[in-house]
Amino acid sequence: MGVTTVTDVRQTGRPDAIGTVGTETVLAKLFRSDQGGHEQVVLCQDRASGLKAVIAIHSTALGPALGGTRFHPYASDEEAVEDALNLARGMSYKNALAGLDHGGGKAVIIGDPDTLKSESLLLAYGRFVASLGGRYVTACDVGTYVADMDVVARENRWTTGRSPERGGAGDSAVLTAFGVFQGMRAAARIQWGEPSLRGRRVGVAGVGKVGHHLVEHLLADGAQVVITDVRAEAVSRITARHPEVTAVRDAEVLVRTPLDVYAPCALGGALDDATVAALTATVVCGAANNQLAHPGVEKDLADRGILYAPDYVVNAGGVIQVADELHGFDFDRAKAKAERIHDTTLAIFERARADGVPPAVAADRLAEQRMADRTPAADWLRPSG
């Protein structure tokens, strides 16, 4: 089984092949874009199982790249490559601000996991991860689960997010949601003077793997919760347990609902021009990756007086959990690290105020500073108390 890097791909004239029609776009992103700078992109194919995957390594400045595997039916191969590049870059920044000694990487498997996923496909993917020799450490993401990582781990030792029975930490969504809640507490402290959501109305868009755990934290803290999800069963699971939770038809309705906090917890790009213009909330803090649909949205949020907690900062609890797994998982130790997301988020808000920039810009600057200085975790941002 071979590994093809993006720089080895040549034009073949096949419009459906990875790296043909989209090659120039990918190369421009890698070599000529301010958003690029990725160290390596690997295109993976195993025809016997139907595997087509992209592994993107953005940075190993702080250590081996760490990031999950997304399994998604992309509209095109080019879209899959673009998503892998964006997600990998986000992981570099996330891991840097989470205080981990890891760089950023991400993988995407192209296809519908409900119909394409199989043991043979996951084993083939595991062999591609193994071929990178530890430069990339994988975990769960959208469309992949603990049981999948158990299979992938049979082919390599650089797989996290495994089941406790297989020596892993289990579901990373638990600490992802906890970290988002800590970031939301920090935003509440800035916006309303108290690190609590009690009495606040919080809208959660997407109540799947992470969102339903976040709802539990919010209710325990005394918040009023409004939810939506494209899957009716995800909504009914919550409303059956918590009849006090209000459900609305879709995200478009949710953003127009009177809210104090809006929490995007589904796929990326949730904060576009139309959404920002319609938002009633004065705080945005959610679990979804790459929430800003395009550059400039962070300024639009700030101009409207909406406090945005950068997504890759507040949703780092999951990666903190899986990183801890590499050292012999201890839940209490990992949870204590995830709790520091509150302090890191506060530090970013303070840096943003001092520099006169949106929080997303301040977060990028802090992450880039740590990567450039190669600051070890032991010397990274200390809790502010």
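In which helix is Leu218 found? Leu218 is found in helix α7, made up of residues 211-220, where helices (H or I, at least four residues) and strands (E, at least two) are DSSP runs, numbered from the N terminus.

The model shown in these views is predicted: local features need pLDDT of at least 70, side-chain atom pairs count only at pLDDT 80 or more, and totals for chains, interfaces and linings use all residues. Residues are numbered from 1 along each chain as its sequence is written, and side-chain values use heavy atoms, with hydrogens and water left out.

**View 1. Leu218 and its surroundings in helix α7.** Leu218 counts as buried because its relative accessibility is 0%; buried means under 20% relative accessible area, exposed over 50%, and partly exposed in between (1.4 Å probe, protein chains only). Leaving aside neighbours within four places in sequence, Leu218 is in contact with Phe181, Met184, Leu197, Val202, Val204, Ala223 and Val225, contact meaning heavy atoms within 4.5 Å. Pro359 lies 141 residues from Leu218 along the chain, and the C-alpha atoms of the two are separated by 23 Å.

**View 2. The packing of helices α6 and α7.** Two packed helices are described by the angle between their axes and the distance between the axes. Helix α6 (residues 173-192) packs with α7 at an angle of about 45°, and their axes are 8 Å apart; axes are lines fitted to C-alpha atoms, for helices over the stretch in contact, and angles run from 0 to 180 degrees between N-to-C directions. That angle makes α6 oblique to α7, since angles under 35 degrees count as roughly parallel, over 145 as roughly antiparallel, 65 to 115 as roughly perpendicular and the rest as oblique. The crossing of α6 and α7 is right-handed, a term used if the near helix is turned clockwise from the far one by less than a right angle, whereas an anticlockwise turn gives a left-handed crossing. On the α6 side the contact is made by Ala173, Val174, Ala177, Phe178, Val180, Phe181 and Met184, and on the α7 side by His213, Leu214, His217 and Leu218. By class, the residues of this contact of α6 with α7 are nine nonpolar, two polar and no charged, where Ala, Val, Leu, Ile, Met, Phe, Trp, Tyr, Cys and Pro count as nonpolar, Asp, Glu, Lys and Arg as charged, and the others, Gly among them, as polar.

**View 3. The packing of helices α6 and α14.** The axes of α6 and helix α14 (residues 331-339) come within 9 Å and cross at roughly 30°. That makes α6 roughly parallel to α14, and α6 passes α14 in a right-handed crossing. Val174, Leu175, Phe178, Gly179 and Gln182 of α6 meet Phe331, Ala334, Lys335, Ala338 and Glu339 of α14. The contact of α6 with α14 has six nonpolar, two polar and two charged residues.

**View 4. Leu326 in the loop between α13 and α14.** Leu326 is found after α13 (317-325), in the loop that leads to α14, and it counts as partly exposed because its relative accessibility is 35%. Not counting residues up to four places away in sequence, Leu326 touches His102, Val137 and Thr160. Although Leu326 and Ala169 are 157 residues apart along the chain, their C-alpha atoms are separated by 9.5 Å.

**View 5. Strand β3 and its pairing with β2 and β6.** Eight of the nine residues of strand β3 (residues 51-59) are buried, so the strand is largely enclosed by the rest of the structure. Strand β2 (residues 40-46) pairs with β3 in the antiparallel sense over seven bridges; two strands pair if DSSP finds at least two bridges between them. The bridge partner of Asp46 in β3 is Leu51, and in the hairpin of β2 and β3, which has four residues between the strands, Gly50 takes a positive phi near 85°. Six bridges join β3 to strand β6 (residues 103-110), and these two strands run antiparallel, with Ile109 of β6 as the bridge partner of Ala53.

**View 6. The open sheet of six strands.** The strands of this sheet have the order β10-β9-β8-β11-β12-β13, with parallel pairing. Its edge strands, each pairing on one side only, are β10 (246-247) and β13 (307-308). Helix α8 (residues 232-241) packs on the sheet and touches β9 (224-228) and β10, its direction making about 155° with that of β9.
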